[in-house]
Amino acid sequence: MYQTLIPASELAQHLAAPDWAIIDCRFSLGESERGQQDYLQAHIPGAVYAHLNEDLSGKIIPGKTGRHPLPAIETFAETVSRWGIDEHVQVVAYDASGSSMAAARLWWMLRWLGHQAVAVLDEGWQGWQHAGYPVAPGMEQRAPASFTPHVRQGAVVTAEQVSALLPDSSARLVDVRSAERYRGEQEPIDPVAGHIPGAVNAPFNELLDAEGRFLPPHELRARFQQMLGDAAPEQAIFYCGSGVTSTLELLALAHAGLGDGRLYAGSWSDWITDPNRPIAKGAN
């Protein structure tokens, strides 16, 4: 069972395995249909496509939700079943490169609903191509299965819970956006700049080396231990702009052997829907 990252060399040995499901999660925030177009041109053989906006997110309610709210559990379970995933299937998700934001989102969502046999392809599609492994064009499907969700309680944190936890020294709130966005100097996506008061900044790109691979577990572990201080990993709450990129940090936390953190799924784009919620700028 692979539960965090999997190398391309290992996946290449299981392309024909019926109990392995490969999910292509390539997505561009600026061009929402680009990922699927790229998938149709070429993908890992046997892979089905997962669209971040349509399959891994729910309906946006302006002024009420963030940019990528979680879908209803029943709806997502139907989607997963359509992809041919049940409790006996090893899932491998991949994105365009090592900074696998949508693939990590799928990884986290399946873990949230109790499916442990799910991993992200290290180096993603880019690494697969560079290694010279086979590719295939067109749309693919898998035989449907029956996915039964078993929700992991406490994995998701709401804005109200974040507000209540801010004075709690045993918890740690982590903002994984770039330092410029955290400090409120730049905000290219959301209408309000800044960060949640008390949050520490840990940009997600620090998880990868110069080649786009995740850092080895011992380096990730040292990074998280410095970041979290006295806070237990299971008390750490991660957020980003819309609850997608922050799942990369949760993937890295698990890969480092530190267990499961928590996700503020609405993240910054949800926090700022209420003008009464406090906002901080500058470096903590």
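Which residues of the largest nonpolar core touch the most other members? In this predicted model, they are W83 and F224, out of 75 residues in that core. Helix α4, residues 101-112, gives the most to this core, with ten residues. Apart from the largest core lies another, of 13 residues. Its members include A199, Y239, W268 and W271.

F224 can be followed further. Leaving out residues up to four places away in sequence, F224 touches L207, F238, E249, A252, L253, A256 and L258. One of these partners, F238, lies in β9 and stands opposite V174. Strand β7, residues 172-175, and strand β9, residues 236-239, pair in the parallel sense over four bridges.

Strands β7 and β9 belong to an open sheet of five strands. The order is β6-β10-β9-β7-β8, and the pairing is parallel. The edges are taken by β6 (156-157) and β8 (200-201). Each has a single partner strand, so one side of each is left without a neighbour in the sheet. Helix α9, residues 246-255, lies across β9 and β10 (262-264). The helix runs at about 140° to β9.

Another open sheet of five strands has the order β1-β5-β4-β2-β3. Here too the pairing is parallel. Its edge strands are β1 (5-6) and β3 (48-49). One side of each is left without a neighbour in the sheet, because each has a single partner strand. For β1, pairing is with strand β5, residues 118-121, in the parallel sense over two bridges. Within this pair, I6 stands opposite L121 of β5. Helix α4 packs on the sheet and touches β2, β4 (90-94) and β5. The direction of α4 makes about 175° with that of β5. This is the helix that gives ten residues to the largest nonpolar core.

A loop residue, L29, was also examined. L29 is placed between β2 (20-24) and α2 (34-41). Is L29 buried, partly exposed or exposed? L29 counts as partly exposed because its relative accessibility is 46%. Leaving aside neighbours within four places in sequence, L29 is in contact with H68 and M101. L29 and Y49 are 20 residues apart in sequence. In space, their C-alpha atoms are 16 Å apart.

Technical notes
Residues numbered from 1 in each chain as written. Predicted model: local features only at pLDDT ≥ 70, side-chain atom pairs only at ≥ 80, totals over all residues. Heavy atoms only, no water. Buried < 20%, exposed > 50% of the residue type's maximum accessible area, 1.4 Å probe, protein only. Contact = heavy atoms within 4.5 Å. Pairing = 2+ DSSP bridges. Axes fitted to C-alpha atoms, helices over the stretch in contact; angles between N-to-C directions. Core = buried A, V, L, I, M, F, W, Y, C linked by side-chain atoms within 4.5 Å.
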